[in-house]
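Work through the two exercises below with the sequence and the structure at hand. Each task is followed by a solution in steps.

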Amino acid sequence: MGDKPTIGWIGLGKMGAPMAQNLMQAGFQVTVYNRTPEKAKPLTDAGAALAGSLAELAAGCDVVISMINDDAALEAVAMAPDGVLANAKAGGIYVDMSTVSPAASARVAETAAGKGISYLRAPVSGSTVFAESAQLIILVSGPKEAAETCDAAFAAMGKKTMNFGEGEEARFMKLTVNMMVSITAGLVGEALAFGESGGLDWQQMLEMIGESPLASPLLGYKTQTLKNRDYAPAFTIDQIAKDLDLILSTGQGTNASMPLASLVRQNYETMREKGEGNLDMFAYVTLMEDLAGIKPGE
Ligand SMILES: NC(=O)c1ccc[n+]([C@@H]2O[C@H](COP(=O)([O-])OP(=O)(O)OC[C@H]3O[C@@H](n4cnc5c(N)ncnc54)[C@H](OP(=O)(O)O)[C@@H]3O)[C@@H](O)[C@H]2O)c1
């Protein structure tokens with residue numbers, strides 16, 4: 001493998017498509033595959049090669065990268081007889097950048113080891129905007145030599161790459177961050193509804209919080225959308241509910257105590273049952289307002 005290994009990219013969704021674009025822009029030769037083939041068109045128009053199947057992609061590229069939904073997608077893509085591990089080059093590298101459980105990832109690791117394929121876990125922190133601007137933080141664990149081979153590719157997609165170990169550490173790091181993000185949405189929602197219940201002005205409350213020591217980059221992004229009561233999704237309730245399920249099942253296995261994550265997950269379930277799974281996760285405040293009988297704008 002030279003300075004720029006050939007890349008096979010699987011999963012051209014909201015995150016995968018801009019990440020693959022950034023690899024191409026950095027000069028990598030990229031072959032793409034997407035389960036729904038039409039989504040590959042913008043990439044092939046920009047010069048990517050198209051693989052007709054996972055097997056074809058895996059057999060033809062030095063490094064195969066997937067950015068797909070969840071555990072079920074990972075198992076289908078990595079472990080199926082016509083999937084990546086059964087067809088990758090001996091000595092090749094498989095990188096999965098999705099948010100999945102350490103347990104599913106460990107099953108992939110075991111199969112990869114049996115086939116002589118180096119397997120990197122490389123989930124990312126940052127939303128679609130960060131994927132588009134190549135500003136993701138890439139959390140890596142797995143064999144060191146493979147991580148070094150992929151360094152330039154990671155640098156093309158992110159602003160920082162951090163290595164956490166040789167096993168499932170990167171999966172745990174990603175879930176740790178998402179646990180904090182989800183509980184932050186719960187904390188902000190509950191506190192804002194409390195302030196409203198005392199008659200505080202919505203805009204002024206948000207302005208004050210933005211000036212306070214609580215201000216953070218995350219609250220900074222969210223202050224304007226909250227001010228506008230705009231709950232168009234950057235990260236949906238359905239998506240964070242999936243991540244909270246991964247967190248809770250993983251933490252049960254490691255004996256972690258997770259009362260806050262459990263409570264936030266339960267409240268998101270209530271919102272899903274009301275048909276609100278497609279709203280942004282910071283719409284949590286609307287549930288708190290409902291429970292307090294607060295009708296914004298009245
Ligand atoms: N969106 C974010 O802000 C964000 C931020 C950080 C991390 N993440 C994580 O990044 C991953 C991808 O997220 P996304 O927002 O890009 O999701 P997305 O837009 O829903 O795209 C998912 C991709 O996975 C493919 N896929 C799903 N199941 C598959 C299967 N069984 N076999 C083959 N391909 C399959 C989809 O193919 P089709 O086109 O055929 O459906 C699509 O290309 C998730 O794990 C998510 O948690 C997302």
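**Exercise 1: the cysteines**

Cys61 is buried, its relative accessible area being 4%, where buried stands for under 20%, exposed for over 50% and partly exposed for what lies in between, with a 1.4 Å probe and protein chains only. The model is a predicted one, in which local features need pLDDT of at least 70 and side-chain atom pairs count only at pLDDT 80 or more, while totals for chains, interfaces and linings use all residues. Residues are numbered from 1 along each chain as its sequence is written, and side-chain values use heavy atoms, with hydrogens and water left out.

Task: Find how many disulfides the rule gives, a disulfide being a pair of cysteine sulfur atoms within 2.5 Å.

Solution. Step 1: the cysteine sulfur closest to that of Cys61 belongs to Cys150 and lies 12 Å away, which is too far for a bond. Step 2: Cys150, likewise, is in no disulfide, and Cys150 is buried, with a relative accessible area of 2%. Step 3: the count therefore comes to 0 disulfides, given the cut-off of the rule.

**Exercise 2: the two domains**

Task: Describe how domain 1 (7-167) meets domain 2 (172-291), with bounds that come from an automatic or database domain assignment.

Solution. Step 1: the domain centres, taken over C-alpha atoms, are 29 Å apart, and the contact (heavy atoms within 4.5 Å) takes 14 residues from domain 1 and 11 residues from domain 2. Step 2: about 960 Å² is buried between the domains, with 72% given by carbon and sulfur atoms; this is the accessible area (1.4 Å probe) that the two parts lose on being put together, summed over both. Step 3: Thr99, Pro102 and Leu139 supply 43% of the area that domain 1 buries against domain 2, more than any other three residues.

Definitions and conventions:
Domain bounds come from an automatic or database domain assignment.
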